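Student: Could you take me through one part of this model closely, beginning with any covalent cross-link and then turning to the backbone and the strands around it?

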Amino acid sequence: MPRKRRVGLAAALVSSTAVVAGLPAVAAHADTEFLYVIKTHKACSDSGPGTQNQPFCSIQAAADVVQPGQTVLVSGTDYTEQVTLKRSGTADHPIVFQGEKRANPKEPRTRIRPGGYPSTAKAPHAFLASGVHDIAIRNFSIDQPADEAVLVQDSERITVDGNSVLWAGMQITGGAPGAPAGYTPGIRLTGKTRDVTISRNQIAGSGRAGVAVDPGVTGSIITTNAFTGIGPAAGSNVIVADGAPGTVVNSNTIGGTCGTGITLSGGSTGSTVVNNIVKIFRKCDPNVGIGLAVSPESVAGTRADYNVVYADGPADYVYDWNGIFYKTPADFAAATGQAKHDLAVDPKIFTAPASLEDLTPTADTAAMDSADATAPGQLDTDIYGNPRVDDPLVPNTGTGVGYHDRGAVEYQNPFAVSLTLTTGQYGHPLDAEFGGGTTSPWSPATTTLDFGDGSPVVTAPAFPLTHTYAEGHHTATLTATDGNGTVKTTTRDVDTTIGPLTAGIGASHSATDPRNAWAYLSFNSQWTVTGYSVDWGDGTIETTPGAPYPGGMVRHNYTKPGRYLVRFTINDDHGRTAKADGLISVNVPDPGDRAIAGRWSTGKPAANGLFNNGTWALRSTGDCCKADITQVSFGQAGDLPATADWDGLGHDQLGIYRNGTFALRHDNGTVTAIPFGDTGDLPVPGYWDGNGHAQLALYRPGTATFIVRHDDGTLTTAAFGQPGDTPVAGDWDATGHFQLGIYRNGTFALRHDDATVSTATWGNPGDQPIVGDWYAKGRMTYGIFRPTDPSYALSGAYTGIYGYAGQVY
């Protein structure tokens, strides 16, 4: 494609508006026009071609081979390198190094952290340009270099544009920036450098300067940059040109400096200082800080005007010209003829020290529409890429077109649209209520609201506004157009999907009066609930119109002991019904109850339950107040329960052990019988091989011996505990396979893979132990069942969660 010839400053910026957001499409360009650097790309190689499909891993690799006219596009972040620029472009075909620019111009660019982060070592420059010419560096975020972020020496026609620099010249101690490492600016020009443009950069927290132009450098343009938190001590200079004639300092915003804002010294004659905003923090030291300082040997041919110089603190001298100090622009102008249009007013910008901030002025600052648009170095766009615009509410007092703002940021029309959304109101799930409006102080705006469901568009909507949708997903769009033809839109996704009617119950009884029972009722419905009932299982059915209070409790007094299935049924006005069941045991401890636990659903936490002579009561969750209980018949009186994942499906299946034989029930309903062990052995199946499904295992109480049967048919035995102990087994170490354990009179003893044994007191003598991953943490822990209550208490050990007592009946 044709390349633009550079002319003056606009050319020096190297097509500054052509900024990519992410990686640009390159269909219209030859691959040789771009080199790509993407350190995270799986095919990146520093010895490759630098294409999109095989980019370089480092910026330096591209810098070593780049040709005039090529652009190095750098994507991603956290490049820990110093890039030394050794190759030059030409006036017609410059070399461009360009970081990835986000859609929001105020967001960070591609970041370079020389030396890594945090670092206590001296970090080098991010870019070093020495003896080169016709190069542009833009859209990089450079973090904590102890030397200059960008150092240009003995070079010509270099552009540093659109970058952010943080903590240049700082030593990093303990992960936080410390004292300045010396007189180190964010960007330095030195040697025989000439015709360099530094534009649209944000520089914060640098050591003792933001930009330094050293003796012998000529023709520098420092324009439309923002500086905050520069120089924490006396002697600091945000922008300093020392022996650098012809320096242009134009349209910069300097906020929160404790030193001097702009310094021309050492014979920096013929310089221009215009359209800048300088805000001095006098609270650092009332005797420190000058807005503009021009030494006697730099006065000749130098012009200063159209600046805002403001001291945030006690009134003191803000100008130092030819060795004489002045307090106000009027005093300065009367004595020197300079600064006839300077202002000493608060620019009303937010300037947090050592931060990269939004420096947009407020609407009533005098800096608006008052700059010299004809000044050298004046750009057509501001630091964020916004165009120069005329605020019709402010008089045009500037030179030229009259409406350019001073400083780095051009105040834009505060034209905005907003749209809020409320959906899912109980009983009216298809209704959406919109709020919002349009702000357009510069000119009237017309507004429309498209609901996104094919219904007519509303012009000039009056908020709040309610609209009824069909069930589904929609996108509402509010569009506003002001008198200048500027269009603003905002959208809201509207989800009117109707979820199912659901019910939940948690049933329990009083420990002091077991016949006094209650149930916690919960439900979820987007339609109106018309009524509900609770069947207490003893012939009592209570029916109530309307909806129960979510999580509300209902009570019932039983007249005799027993086990009761409590059923909660709920209905809504769209004919839907949901049910939930719970079990209550009223003062009837059963010696046949045996505690069990298992993962009944893949990906869910383990849940407890009971086995009693062939009848299983399985809870769907470990939460006492939300459990549905499923009853299953499998086995007979005298059997012992055994649960594990026989099928490798990620959830457990049922099994029983009877007189030396396991009977394993699979998900498809079939049962496999496997002889193993002797009468009197106790089953302890589990993930002994760590291969995704369970293996059988036994505990022989008479000899306190575990016997594990592996998939290949071999047996492993291990003695642990003493005769009479109750065996437990689980993955205590989160290793993917089981370890041994025993329970003895209220104390667990768990053996780990490193052969150590940990103990924990949990429960009382007579309690039954259970094991499970109650919180889905990938690590099992213990619990107990107290048959005399009956209730469960599940420990939160290994999870960082306190123990939880969940009552099942």
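Tutor: What follows starts with the disulfide, moves on to unusual backbone geometry, and ends with one sheet.

The model is predicted, and in it the count of disulfides comes to one. A disulfide is a covalent bond between the sulfur atoms of two cysteines. Here the two partners are cysteine 44 and cysteine 57, whose sulfur atoms lie 2.1 Å apart. Both cysteines belong to the loop between strand 1 (34-38) and helix 2 (59-63), and 13 residues separate them. The torsion about the S-S bond of cysteine 44 and cysteine 57 is about 100°, and therefore the disulfide is right-handed. As for their surroundings, cysteine 44 has a relative accessibility of 18% and so counts as buried, the cut-off being under 20%, whereas cysteine 57, with a relative accessible area of 23%, is partly exposed.

The backbone deserves a similar look. Most residues other than glycine have a negative phi, and most peptide bonds are trans. Against that background, aspartate 134 has a positive phi, near 55°, and this residue is part of strand 7, which covers residues 133-138. Because its relative accessibility is 0%, aspartate 134 counts as buried. Alanine 755 also has a positive phi, near 80°, but this alanine sits in the loop that runs between strand 59 (747-751) and strand 60 (757-761). With 59% relative accessibility, alanine 755 counts as exposed. A further departure concerns a peptide bond: phenylalanine 463 and proline 464 are joined by a cis bond, with omega at about 0°, and proline 464 is found in the loop between strand 34 (458-459) and strand 35 (465-468).

Finally, the sheet. Strands of a sheet pair through backbone hydrogen bonds, either parallel or antiparallel. In this model, 10 strands make up an open sheet of mixed pairing, and their order is 3-6-9-14-17-20-23-26-29-30. Strand 3 (83-85) and strand 30 (324-326) are the edge strands, each of them pairing on one side only. On average, and with direction ignored, neighbouring strands of this sheet are turned by 10° against each other. At the edge formed by strand 3, three bridges connect this strand to strand 6 (residues 127-130), and the two run parallel. One of the residues to follow there is leucine 85, whose bridge partner in strand 6 is alanine 129.

How values were computed. Residues are numbered from 1 along each chain as its sequence is written. This is a predicted model: local features need pLDDT of at least 70, side-chain atom pairs count only at pLDDT 80 or more; totals for chains, interfaces and linings use all residues. Side-chain values use heavy atoms; hydrogens and water are left out. Helices (H or I, at least four residues) and strands (E, at least two) are DSSP runs, numbered from the N terminus. Buried means under 20% relative accessible area, exposed over 50%, partly exposed in between (1.4 Å probe, protein chains only). A disulfide is a pair of cysteine sulfur atoms within 2.5 Å. Two strands pair if DSSP finds at least two bridges between them. Axes are lines fitted to C-alpha atoms, for helices over the stretch in contact, and angles run from 0 to 180 degrees between N-to-C directions.
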